Amino acid sequence: MGRALAQRGLETLVLERENAIGTGVSSRNSEVIHAGIYYPEGSLKARLCVRGKQLLYALCESHGIAHRRCGKLIVATDAAQLAGLKSLADKAARNGVDDLLWLSGEQARALEPALACEAALLSPSTGIVDSHGLMLALQGDLERAGGAVGLASTVQAIVASAGGHVLRVQSEGVEMELQARIVVNAAGLWAPAVAAATEGLDARFAPQAHFSKGCYFSLAGRAPFGRLVYPLPQDAWLGVHLTLDLGGQARFGPDAQWLPDGTDPAAIDYQVDAARAEAFYADVRRYWPGLPDGALQPAYSGVRPKIHGPDQPAPDFRIDGPGAHGIAGLVNLLGIESPGLTSSLAIADEVLQQLGV
Ligand SMILES: Cc1cc2nc3c(=O)[nH]c(=O)nc-3n(C[C@H](O)[C@H](O)[C@H](O)COP(=O)(O)OP(=O)(O)OC[C@H]3O[C@@H](n4cnc5c(N)ncnc54)[C@H](O)[C@@H]3O)c2cc1C
């Protein structure tokens, strides 16, 4: 976001509570460039994912960010899932994803011999990206445009002032106040807390934070597939899928585990419990029966910044600008879970538009 503001010629400071950039949600994910298949028609997720994918591939190419348009297969593992796969293809078409190919089981196995499925959808525009390389490239552009990153600087409150907003910031034990005309709250897991600490913001615009942890297991040995493999999604969860990193190593995940409400994001335990592997074996063997016993090793985890609880339907991204809450120069980015990485550049454009800059 900071890059986009700086490139508009605005004096831009990105405040980051940690001692380095990119240690939050953006460094703990699947690093998949999503095609835009899954999201409700007309939603911000659908629109910004499809647009963001195009912008992201272009940025990767112009900036030499490591990425690969490896493609992905979404599989129906039994005949009962065929109708679901067909309706997913229809949804994708409504979202403007017009390159999906329907494959029979044999056609899918001709591409990926280790795969077990009744049918599959091939998404050629799905890919993978080095998320750290991406964030460094964004920081480079920000700084080239005259912007700066202030590390170890935690925004504690935002109060109204004549010229816009005053940010109360704590930096290495020192409290300071910064004046800003525009504030974009892109605080990931803390975004609802930052919204709640904003003077004059109606409580409707500071939703309760909920967190869902997702664990990954890596595969010992060679990857059995050259493309990503996803099961048919269940509700809003994409299921335990196989992704590849840019070194060709396979990993499975993420699973989904709600953390207790009121969890402090700073106190989240990112350890992967090896016992969770058991459920992975069962899930993965539905599409890869050849997964050997003992091949999965705990890898890493990430936490989804949700604004809905376990029993509520998944909401859209919330990009709450002045048109929604009535405070000039303020945008809150809430519930930016997947496909937030893919959508990031398009989200930035949407924010600029809402701010009228
Ligand atoms: C398990 C998992 C898998 C995912 N897989 C994918 C995928 O394959 N493809 C995809 O497109 N998306 C994926 N996503 C979603 C994607 O990772 C996120 O949407 C995206 O990274 C969110 O970025 P962000 O900048 O909003 O949050 P973050 O990356 O967390 O950045 C927020 C930053 O704000 C800082 N901060 C917080 N509070 C304060 C404060 N008060 N003051 C100053 N700084 C503060 C934090 O330290 C952090 O660095 C996945 C997410 C998860 C959890």
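Ala152 is buried in the predicted model, with a relative accessible area of 11%. This alanine is found in the loop between β8 (148-150) and β9, and its phi is near 50°, a positive value in a residue other than glycine. Positive phi also occurs at Glu172, where the angle is about 45° although the residue is not a glycine. Glu172 lies in the loop between β10 (164-171) and β11 (174-180). At 68% relative accessibility Glu172 counts as exposed, because the limit for that class is over 50%. The two loop residues thus fall into opposite classes, Ala152 being buried and Glu172 exposed. Most residues other than glycine have a negative phi, and most peptide bonds are trans.

Cis peptide bonds were assigned at two proline positions, described in turn here. The bond from Gly253 to Pro254 is cis, with omega near -10°, and Pro254 has its place in the loop between β16 and β17. A cis bond also joins Ser338 and Pro339, with omega about 10°. Pro339 is placed in the loop between β20 (330-334) and α9.

The loop between β16 (250-253) and β17 (257-258) also holds Asp255. With a relative accessibility of 8%, Asp255 counts as buried, because this value is under 20%. The side chain of Asp255 takes part in a polar contact with the side chain of Arg276, at 2.7 Å. A polar atom of the Asp255 side chain also lies 2.8 Å from the backbone nitrogen of Cys215. The side chain of this buried residue is therefore placed by the model within reach of both a side-chain partner, Arg276, and a backbone partner, Cys215.

Leu101 is found in strand β5, which spans residues 101-104. Its relative accessible area of 44% makes Leu101 partly exposed. The C-alpha atoms of Leu101 and Pro124 are 8.3 Å apart in space, while the two residues are separated by 23 residues in sequence.

The surroundings of the ligand comprise 32 residues, of which Glu16, Ser26, Val32, Ile336 and Thr342 come nearest. Backbone atoms of Leu15, Ile336 and Glu337 lie at short listed distances from polar atoms of the ligand. A nitrogen atom of the ligand is 3.4 Å from a backbone N or O atom of Leu15. For Ile336, a polar backbone atom is 2.7 Å from an oxygen atom of the ligand. For Glu337, the distance between a polar backbone atom and an oxygen atom of the ligand is 3.2 Å. Taken alone, the ligand exposes 1,000 Å², and the protein buries 90% of that area. The elements contributing two or more residues to the shell around the ligand are β9 (153-161), β18 and α9 (340-355). By class, this shell contains 14 nonpolar, 11 polar and 7 charged residues.Empty space in the protein was examined next. Rolling a probe the size of a water molecule over the atoms shows where empty space is left. The structure holds 1 cavity of 30 Å³ or more. The volume of the largest cavity is about 40 Å³. Its lining is formed by Gly188, Leu189, Ala191, Pro192, Ala209, Phe211, Pro305, Lys306, Leu334 and Gly335. Two or more of these lining residues come from each of α6 (191-196) and β18 (296-306). Sorted by class, the lining of the largest cavity has 7 nonpolar, 2 polar and 1 charged residues. Strand β18 thus appears among the elements that line the largest cavity and among those that form the shell around the ligand.

The second largest pocket has a volume of about 220 Å³. Its lining consists of 13 residues, and those that lie nearest the centre of the pocket are Gln81, Pro231, Leu232, Gln234 and Arg286. The classes represented in the lining of the second largest pocket are nonpolar, with 7 residues, polar, with 4, and charged, with 2.

Terms used
Residues are numbered from 1 along each chain as its sequence is written. This is a predicted model: local features need pLDDT of at least 70, side-chain atom pairs count only at pLDDT 80 or more; totals for chains, interfaces and linings use all residues. Side-chain values use heavy atoms; hydrogens and water are left out. On a 1 Å grid over the protein atoms alone, a cavity is a set of points where a 1.4 Å probe fits but cannot get out, and a pocket is an open set with protein on both sides within 12 Å along at least five of seven lines; lining residues have an atom within 4 Å of a point. Grid points are joined across faces, edges and corners, and a volume is the space filled by probe spheres set on the points. Helices (H or I, at least four residues) and strands (E, at least two) are DSSP runs, numbered from the N terminus. Ala, Val, Leu, Ile, Met, Phe, Trp, Tyr, Cys and Pro count as nonpolar, Asp, Glu, Lys and Arg as charged, and the others, Gly among them, as polar. A residue is near a molecule or strand if one of its heavy atoms lies within 4 Å of it. A polar contact is a pair of N or O atoms within 3.5 Å; within protein, one must be able to donate a hydrogen and the other to accept it, and residues adjacent in sequence count only if both atoms are side-chain atoms. Accessible areas come from the Shrake-Rupley method with a 1.4 Å probe; for residues, only the protein chains shown count as cover. Buried means under 20% relative accessible area, exposed over 50%, partly exposed in between (1.4 Å probe, protein chains only).
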